[in-house]
Amino acid sequence: SAVSVIDDKTVAAIRQAIAAASAGRIGEAVSIGERALASGGDAIALNAMLGTLQLRSGNSDAGIRHLRIANRARPTDAVIATNLANALAQQGDYASALEILSEELARSDSTLQLQRLRGFIAQSAEDYPASVSSYQQVVDAQPDDWETWNNLGNANRQMGNFEAGARR
């Protein structure tokens, strides 16, 4: 994976914004990020940060807007994709969340967290074949993961595959 180099002004703005957010001053953190973005700071890093801050402040629409910008520029960034997919899922837009968490992106995550999330979102979108596929990849790699076994069984059952849903 490529390493991104962020300019010093963007780094300083991110540090200031994180300090403000850590102290509970989310509005101030957002203002710091917006000023840095307006002054030509790193658009990907700042939009990703602003998206997360906006979500944290309860402004889902603004958060999603910023995260979409960052995701379009860096679609393989797992953190940006996870934050965006979670925000879309919270709004009930499971189809869009599933597009963000592509099968290719989920397979690139060795922790399997993206596969788990993709399985859940696919199941919520009623795309049971995609859900089963994601959950199956998790249990193949981690056969002791009882929660994913349960989710796999439920997705199989919802797909009408009662025999597979009852196994294991």
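Counting charges in this predicted model turns up 15 positive and 19 negative side chains, and the centres of the two sets sit 4 Å apart. For all those charged groups, the tally of salt bridges comes to just 3.

One of these bridges links glutamate 28 to arginine 25, with the closest N and O atoms 2.6 Å apart. Both partners are partly exposed: glutamate 28 has a relative accessibility of 37%, and arginine 25 comes in at 40%.

Another bridge pairs glutamate 103 with arginine 107, at an N to O distance of 2.5 Å. The two residues are 4 apart in helix H7, so about one helical turn separates them. Glutamate 103 is partly exposed at 34% relative accessibility, whereas arginine 107, at 51%, falls in the exposed class.

Then there is the bridge between arginine 116 and aspartate 145, where N and O come to 2.8 Å. Here the arginine belongs to helix H8, while the aspartate sits in the loop between helix H9 (128-141) and helix H10 (146-158), so the contact ties together parts of the chain that are 29 residues apart in sequence. Aspartate 145 is a buried residue, with 14% relative accessible area.

Helix H8 also carries arginine 118, which is a bit of an oddity to look at. Arginine 118 is buried but makes no salt bridge, and the nearest side chain of opposite charge, that of glutamate 103, lies 4.4 Å away. A salt bridge calls for a nitrogen to oxygen distance within 4 Å. Glutamate 103 does have a bridge to arginine 107, as noted above. Leaving aside residues up to four places away in sequence, arginine 118 touches Leu98, Leu101, Ser102, Glu103, Ala106, Ala130 and Ser134.

Stepping back to the overall fold, the chain is built from 11 helices and 0 strands. Its C-alpha trace spans about 60 × 30 × 25 Å along the principal axes. Of the 168 residues, 42% are buried. Among contacts with a separation of 6 or more, 41% join residues 24 or more positions apart. The accessible surface adds up to about 9,300 Å², and carbon and sulfur atoms account for 50% of that area.

As for the inside, the largest nonpolar core holds 23 residues, and the members touching the most others are Ile80, Leu84, Ala85, Leu88, Ile100, Leu101 and Ile121. At least two residues apiece come from helix H3 (43-56), helix H4 (60-73), helix H5 (78-90), helix H6 (94-100), helix H7 (103-107) and helix H8 (113-124). Helix H5 is the top contributor, giving 7 residues to this core. Isoleucine 80 shows what such packing looks like up close: beyond residues up to four places away in sequence, its contacts are Ile44, Ala48, Leu67, Ala70 and Asn71. A second core, separate from this one, is made of 15 residues, including Ile26, Ala29, Ala36 and Met49.

Leu101 links two parts of this account, being one of the well-connected members of the largest core and also a contact of the buried arginine 118.

Key: Residues are numbered from 1 along each chain as its sequence is written. This is a predicted model: local features need pLDDT of at least 70, side-chain atom pairs count only at pLDDT 80 or more; totals for chains, interfaces and linings use all residues. Side-chain values use heavy atoms; hydrogens and water are left out. A nonpolar core is a set of buried Ala, Val, Leu, Ile, Met, Phe, Trp, Tyr and Cys residues joined through side-chain atoms within 4.5 Å. Buried means under 20% relative accessible area, exposed over 50%, partly exposed in between (1.4 Å probe, protein chains only). Contact means heavy atoms within 4.5 Å. Accessible areas come from the Shrake-Rupley method with a 1.4 Å probe; for residues, only the protein chains shown count as cover. Lys and Arg count as positive and Asp and Glu as negative; His and the chain ends are not counted. The place of a charge is taken as NZ of Lys, CZ of Arg, CG of Asp or CD of Glu.
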